[in-house]
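Could you walk me through this structure in the viewer? I would like to know what to select at each stop, and what is there.

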Amino acid sequence: MSGLQQHYQTVLRDLAQAAEAAGRLKESVRLVAVSKTFPAEDIREIYAAGQRDFGENYIQEWYGKTQALADLPDIVWHIIGDVQSNKTKYVAERAHWLHTVGRLKTAQRISNQRLSEMPPLQACIEVNIAAEEAKHGVPPEEAVALAVEVAKLPNIEVRGLMCVVKAGSNDEELRRQFATMRQLLADLNAAGVKADVLSMGMSGDMRIAVECGATHVRIGSAIFGQRGYSK
């Protein structure tokens with residue numbers, strides 16, 4: 001077993017323990033391995049260990065990986081970064097999930113560009129949970145209204161909500177932000193959008209995210225190591 005695969009197995013064990021501590025089945029939490037900035041060869045290695053869901057931020061980089069890994073037919077691509085209007089076609093053509101819907105216009109473009117014979121793009125509304133200027137997403141009070149409008153589009157299925165918590169949050173602050181997300185998901189269902197996904201939690205706060213109801217956790221550095229950002 002390679003070093004990468006050992007890290008991956010450790011994350012799986014940690015995730016299972018977090019679920020057990022929260023009184024949940026480990027199958028109720030889906031691991032998205034965040035492979036941004038890492039080469040296709042690393043993804044292939046983790047894929048060989050059993051992982052199928054991979055998260056990418058940079059559309060151009062990701063699109064190249066879809067070509068390099070085209071022989072892996074059951075790989076599931078999750079876009080977890082902001083999508084500029086000139087990149088929506090790539091997402092429409094090759095992504096399975098988009099966790100970062102923050103603008104109706106972006107969702108409309110993707111819906112129009114996605115082939116009707118393809119399965120609907122699984123989408124989450126990105127919530128700027130701590131109202132940080134440097135982050136994308138909509139304020140919590142606007143999330144349900146946006147989700148209702150996006151849910152009307154063909155070729156997109158709204159599955160739930162996504163957030164990135166404020167950096168440096170202590171445990172109490174994390175629980176407060178995650179609790180707001182859980183309430184928003186309930187509000188979304190009350191508004192008529194059948195949604196079951198809370199995409200929240202990363203390498204540093206996975207345990208508390210699972211405790212607070214996360215269904216998808218996005219883990220990068222704990223699997224692949226620290227990133228060198230040259231972009």
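## First stop: the cavity

Welcome aboard! The largest cavity has a volume of about 40 Å³, in what is a predicted model. The structure holds 1 cavity of 30 Å³ or more.

To see the walls, select Asp82, Val83, Leu98, Thr100, Val101, Gly102, Arg103 and Thr106, the residues that line the largest cavity. Now colour strand S4, residues 97-101: this strand gives the largest share of the lining of the largest cavity, with 3 residues. If you prefer to colour the lining by class, expect 3 nonpolar, 3 polar and 2 charged residues.

## Second stop: two helices

Next, select helix H1 (residues 3-21) together with helix H2 (residues 40-48). The two pack with their axes 9 Å apart, at an angle of about 55 degrees. That angle makes H1 oblique to H2. Turn the view until one helix lies in front of the other, and look at the handedness: the crossing of H1 past H2 is right-handed.

## Third stop: where the helices meet

Stay with this pair and show side chains. From H1, pick Leu4, Gln5 and Tyr8; from H2, add Asp42, Glu45, Ile46 and Ala48, which the H1 residues meet. Which classes make up this contact of H1 with H2? Its residues divide into 4 nonpolar, 1 polar and 2 charged.

To finish, keep both selections on screen: the lining of the largest cavity, including Asp82 and Arg103, and the contact of H1 with H2, with Tyr8 among the H1 residues.

Notes: Residues are numbered from 1 along each chain as its sequence is written. This is a predicted model: local features need pLDDT of at least 70, side-chain atom pairs count only at pLDDT 80 or more; totals for chains, interfaces and linings use all residues. Side-chain values use heavy atoms; hydrogens and water are left out. Axes are lines fitted to C-alpha atoms, for helices over the stretch in contact, and angles run from 0 to 180 degrees between N-to-C directions. Helices (H or I, at least four residues) and strands (E, at least two) are DSSP runs, numbered from the N terminus. Angles under 35 degrees count as roughly parallel, over 145 as roughly antiparallel, 65 to 115 as roughly perpendicular and the rest as oblique. A crossing is left-handed if the near helix is turned anticlockwise from the far one by less than a right angle, and right-handed if clockwise. Contact means heavy atoms within 4.5 Å. Ala, Val, Leu, Ile, Met, Phe, Trp, Tyr, Cys and Pro count as nonpolar, Asp, Glu, Lys and Arg as charged, and the others, Gly among them, as polar. On a 1 Å grid over the protein atoms alone, a cavity is a set of points where a 1.4 Å probe fits but cannot get out, and a pocket is an open set with protein on both sides within 12 Å along at least five of seven lines; lining residues have an atom within 4 Å of a point. Grid points are joined across faces, edges and corners, and a volume is the space filled by probe spheres set on the points.
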